[in-house]
Amino acid sequence: MNAFGSPIAWHKEFADTLVLYCADGRFVRQCEDFLTNGLKVATCDHFVVPGGAGWLVLDALTLHAYDAAREHIGFLVQAHALQRAVLIAHEDCGFYRHRFPHATADELFQAQIKDLRQAATTLRGWFPQLTVEMYYARVEGERVEFVPVQ
Ligand SMILES: [Zn+2]
């Protein structure tokens, strides 16, 4: 393959926003579209892992993930002086289905919303300079909708 030249301009300045969402490829392009065209974020640092915000909720299953998240997000926050964090959970998340194999879809939704709020509290505790926003990506027919979470 020859070199590929992306038509997307390179940003010399570091981003001031961190986005944290699940690695599920069915939602990645929609999340990027939401950030670019919904929130008008020119560029942002990414922490994209299976389960997303679930890594910031400490329990026996996430102990190592929690520590890793603190270390790696901490690096970005310090190195790039980040000011804002955007957390996105999504419908039909395999990380949550694995954690709660007997839960109904509504119970999974409730667990994800609870984790988003806990993850926001965790982030604010670690890095008080961050403002944190939360969203839930739900499937509506052939599209994905991003709903703010309070
Ligand atoms: Zn997921």
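Start by selecting strand 3 (84–90) and strand 4 (residues 131–140): these two strands run parallel and are joined by seven bridges. The model is a predicted one. Within this pair, pick His90, which stands opposite Ala137 of strand 4.

Keep strand 3 selected and look at how it is enclosed. Six of its seven residues are buried, which leaves the strand mostly covered.

Next, add strand 1 (17–21). Strand 1 pairs with strand 3, again in the parallel sense, over five bridges. To locate the register, select Leu18 and its bridge partner in strand 3, Ala85.

Now go to the other side of strand 4 and select strand 5 (143–149). Here the pairing is antiparallel, over seven bridges. Tyr136 and Val147 of strand 5 are bridge partners.

Display the whole sheet. It is open, has five strands in the order 2-1-3-4-5, and its pairing is mixed. Which strands stand at the edges? They are strand 2 (45–48) and strand 5; each has a single partner strand, so one side of each lacks a neighbour in the sheet. From one strand to the next, the twist averages 25°.

Two helices that pack on the sheet come next. Select helix 1 (residues 25–38), which touches strand 1, strand 3, strand 4 and strand 5, and whose direction makes about 60° with that of strand 5. Then select helix 4 (residues 105–126), which touches strand 3, strand 4 and strand 5. The direction of helix 4 makes about 160° with that of strand 4.

Return to helix 1 for a closer look. Its 14 residues reach 19 Å from the first C-alpha to the last, close to the 20 Å expected at 1.5 Å a residue. Show the side chains of Phe27, Cys31, Phe34 and Leu35, the buried residues of this helix. They lie on the same side of helix 1, because they cover an arc of only 90° around the axis. Among the elements covering these buried residues are strand 1, strand 3, strand 4 and strand 5.

Turn the view to the face of helix 1 that points away from its buried side. The exposed residues there are Gly25, Arg29, Asp33 and Asn37.

Finish by stepping just past the end of helix 1 to Lys40, where phi is positive, at about 60°.

Technical notes:
Residues numbered from 1 in each chain as written. Predicted model: local features only at pLDDT ≥ 70, side-chain atom pairs only at ≥ 80, totals over all residues. Pairing = 2+ DSSP bridges. Helix = DSSP H or I, 4+ residues; strand = E, 2+ residues; numbered from the N terminus. Axes fitted to C-alpha atoms, helices over the stretch in contact; angles between N-to-C directions. Contact = placed C-beta atoms within 7 Å. Buried ≥ 20, exposed ≤ 12 C-beta atoms within 10 Å, placed from the backbone. Expected span 1.5 Å × (residues − 1). Arc of directions from axis to C-beta.
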